[in-house]
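Please find below some remarks on the structure, set out as numbered points for your consideration.

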Amino acid sequence: QVQLVESGGGLVQPGGSLRLSCAAPGSIVSTDAMGWYRRAPGKEREWVAYIFSEGTEKYRPSVKGRFTISRDNAKNTVDLQMNSLKPEDTAVYYCNLPFNLREWGQGTQVTVSS
């Protein structure tokens, strides 16, 4: 079973930045599409960003231009750089494989508040 471990969340003021990281076992980061998702209080989980095996990136319109997804094949990690954070970005953030969903990890809490 693939175990995904997210880290890097925290409390940040509006306009601030955070960098999330997802650690995955084996070589799936280099061979599979990877994605970041989030679940805000009282809402359904939604996709945030994808990075496909050939390197193409896709972003949710509300985060495009502010968030950047990247991967490090040597470290088997997928990161999400989040800039210009807004209160509506507050959520628990998760990573997973969009075309081969695995068991969800515990996620990492991001809180944007002054």
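1. In this predicted model, strands S3 (residues 18-23) and S8 (residues 77-82) are paired in the antiparallel sense, with six bridges between them. Within this pairing, Leu20 stands opposite Leu80 of S8.

2. The S3-S8 pair belongs to an open sheet of four strands, ordered S1-S3-S8-S7, with antiparallel pairing. Strands S1 (5-7) and S7 (67-72) occupy the edges; each has a single partner strand, so one side of each is left without a neighbour in the sheet. On average, and with direction ignored, neighbouring strands of this sheet are turned by 15° against each other.

3. A search of the whole structure yields one disulfide. Cys22 and Cys95 form this bond, with their sulfur atoms 1.9 Å apart. The torsion about the S-S bond is about 60°, and the disulfide is therefore right-handed. The pair connects distant parts of the chain, since Cys22 lies in strand S3 and Cys95 in strand S9 (residues 91-96), 73 residues apart.

4. Are the two cysteines buried or exposed? Cys22 has 0% relative accessibility and therefore counts as buried; Cys95, also at 0%, is likewise buried.

5. Arg66 is placed in the loop between strand S6 (57-59) and S7. Its relative accessibility is 10%, below the 20% cut-off, so Arg66 counts as buried. A polar atom of the Arg66 side chain lies 2.9 Å from the backbone oxygen of Ser84. With neighbours within four places in sequence left aside, Arg66 is in contact with Gln81, Met82, Asn83, Ser84, Leu85, Lys86 and Asp89.

Methods. Residues are numbered from 1 along each chain as its sequence is written. This is a predicted model: local features need pLDDT of at least 70, side-chain atom pairs count only at pLDDT 80 or more; totals for chains, interfaces and linings use all residues. Side-chain values use heavy atoms; hydrogens and water are left out. Two strands pair if DSSP finds at least two bridges between them. Helices (H or I, at least four residues) and strands (E, at least two) are DSSP runs, numbered from the N terminus. Axes are lines fitted to C-alpha atoms, for helices over the stretch in contact, and angles run from 0 to 180 degrees between N-to-C directions. Buried means under 20% relative accessible area, exposed over 50%, partly exposed in between (1.4 Å probe, protein chains only). A polar contact is a pair of N or O atoms within 3.5 Å; within protein, one must be able to donate a hydrogen and the other to accept it, and residues adjacent in sequence count only if both atoms are side-chain atoms. Contact means heavy atoms within 4.5 Å. A disulfide is a pair of cysteine sulfur atoms within 2.5 Å.
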